[in-house]
Amino acid sequence: MTSDRSICEFTATELARAIARGEVSSREAVEAHLARIASLDSQLAAFVTVDTDGARRAAQVCDAAAAPIGPLHGVPIAIKDLTDTAGLATTYGSVLFRDHVPAEDDLVVARLRRTGAIILGKTNTPEFGFGAVCINRLRGPTRNPFDPALTSGGSSGGSAVAVASGMVPLAQGTDFGGSVRTPASFCDVASIRPTPGRIPSPRRPLGWDMLATHGFLARNVDDLELALSVCAGSDANDPLSLGNADDDRLIAGHPRIAVTPDFGVAPVAREARARFAAACEAFAPVADVVPSSPDCGGAIEAFRTLRAAHIANAYGVLLRTRRAELTPTVIWNIEAGANLSAQDYLDAERRRTARDLPQLSRAVYRCRFPGRAGRVRLALAE
């Protein structure tokens with residue numbers, strides 16, 4: 001190794017470079033992070049499943065390779081337990097699926113594996129991802145790494161805690177209404193919810209649904225950029241998937257960037273507004289930064305209606321057939337959607353269409369934030 005730092009303190013980008021240079025072996029990286037999980041996870045409950053044997057086998061393959069398999073060669077990562085992993089238990093946070101082992105990887109997992117990433121395990125989530133507190137009947141509560149009496153946030157709370165505590169340098173998550181962003185803010189890590197379609201999701205039951213997307217959590221923006229770069233790109237089985245952006249073409253010249261801290265509807269802490277303003281100032285030498293926002297009035301109400309309808313459609317059969325085994329949060333979410341009418345749904349879609357942005361050119365934003373964001377804490381709900 002080229003540093004006295006612990007392997008678990010390396011970012012994913014740093015660790016990938018160290019492995020590629022032969023300064024750290026894949027096996028050393030895996031063993032260091034498995035040891036960190038063994039030391040901390042009994043208290044924090046970030047993982048539902050740890051695949052010790054599978055991770056060690058993958059490390060042997062990486063170390064035996066004549067050249068790096070890809071940009072994440074030998075780097076240990078974690079996958080949220082809502083996302084299918086071939087041969088590795090995927091419970092969706094529900095006792096109904098405690099023994100479920102998918103036969104195939106979700107596309108985002110397959111793309112990560114192809115880059116040489118090594119999956120250490122599956123991170124905790126509330127049942128089916130419904131809830132802002134990361135607890136279910138299988139595992140949890142997932143606790144804040146800075147104060148175990150407080151919550152990690154949800155629903156990608158396990159991934160956020162695994163990254164913040166050094167159990168992995170990079171973790172996948174999913175985001176419907178804040179599920180990577182909320183726990184990232186609670187656990188003092190970076191996260192990204194990409195534009196829906198940037199990472200294809202060909203298995204979603206409603207092919208034109210743009211409410212949910214895969215995302216990532218890491219300790220800095222470079223690692224998020226790396227993860228997104230290897231997972232983005234079109235897929236023939238996802239009608240909404242987007243191709244990779246041509247960065248050089250998009251950032252040529254002196255672009256205008258529209259910015260808003262709150263879209264006119266969201267409460268934002270003063271500290272977050274100040275950090276956002278500082279980040280916007282960093283663009284001044286290369287772009288015109290213009291405060292602007294679409295009219296998002298009614299957006300929150302429309303989202304709640306659409307979210308409830310999608311949940312009822314996807315999980316209503318479980319409410320009818322296995323209600324006693326579901327958590328109260330899941331029952332409440334399904335019933336909220338079951339009570340909607342077709343008119344309620346169409347009204348929400350009309351509001352979403354009316355509030356949508358006009359056609360805009362795509363833009364690529366590359367931001368480097370100094371320091372670490374302030375932690376947001378929330379008392380742990382029972």
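Where in the structure is the place of Ala45? In this predicted model, Ala45 sits in the loop between α2, which spans residues 26-44, and β1, which spans residues 47-50. The backbone of Ala45 has a phi near 60 degrees, a positive value in a residue other than glycine. Ala45 has a relative accessible area of 5%, and because buried means under 20%, Ala45 counts as buried.

A positive phi in a residue other than glycine also appears at Phe128, where the value is near 55 degrees. Phe128 belongs to the loop between β3 and α5, and with a relative accessibility of 5% this residue, too, is classed as buried.

The loop that holds Phe128, between β3 and α5, is also the place of Pro141, with β3 covering residues 118-123 and α5 covering residues 157-164. The peptide bond that joins Gly140 and Pro141 is cis, with an omega of about 5 degrees. Ser155 lies in the loop between β3 and α5 as well, and a cis peptide bond, again with omega at about 5 degrees, links Gly154 to Ser155. For a reader who wishes to inspect the backbone, the relevant angles are set out below.

| Residue or bond | Backbone angle |
|---|---|
| Ala45 | phi near 60 degrees |
| Phe128 | phi near 55 degrees |
| Gly140 and Pro141 | omega about 5 degrees |
| Gly154 and Ser155 | omega about 5 degrees |

Turning to the cysteines, how many disulfides does the count come to? A disulfide is a covalent bond between the sulfur atoms of two cysteines. The criterion applied here asks for a pair of cysteine sulfur atoms within 2.5 Å, and by this rule the count comes to 0 disulfides. Among the cysteines, Cys8 has a relative accessible area of 4% and is buried, while Cys280, with a relative accessible area of 12%, is likewise buried.

At the surface, a nonpolar patch is formed by Phe263, Val265 and Ile300, which together have about 230 Å² of accessible area. Of these residues, Ile300 is located in helix α10, which runs over residues 299-321. Is Ile300 buried or partly exposed? With a relative accessible area of 35%, Ile300 is partly exposed, and because a patch is made of residues with over 30% relative accessible area, the value of 35% for Ile300 satisfies that cut-off.

Terms used: Residues are numbered from 1 along each chain as its sequence is written. This is a predicted model: local features need pLDDT of at least 70, side-chain atom pairs count only at pLDDT 80 or more; totals for chains, interfaces and linings use all residues. Side-chain values use heavy atoms; hydrogens and water are left out. Helices (H or I, at least four residues) and strands (E, at least two) are DSSP runs, numbered from the N terminus. Buried means under 20% relative accessible area, exposed over 50%, partly exposed in between (1.4 Å probe, protein chains only). Patches are made of residues with over 30% relative accessible area and no salt bridge: like charges are joined within 9 Å, nonpolar side chains (Val, Leu, Ile, Met, Phe, Trp, Tyr) within 5 Å. Accessible areas come from the Shrake-Rupley method with a 1.4 Å probe; for residues, only the protein chains shown count as cover. A salt bridge is a side-chain nitrogen of Lys or Arg within 4 Å of a carboxyl oxygen of Asp or Glu.
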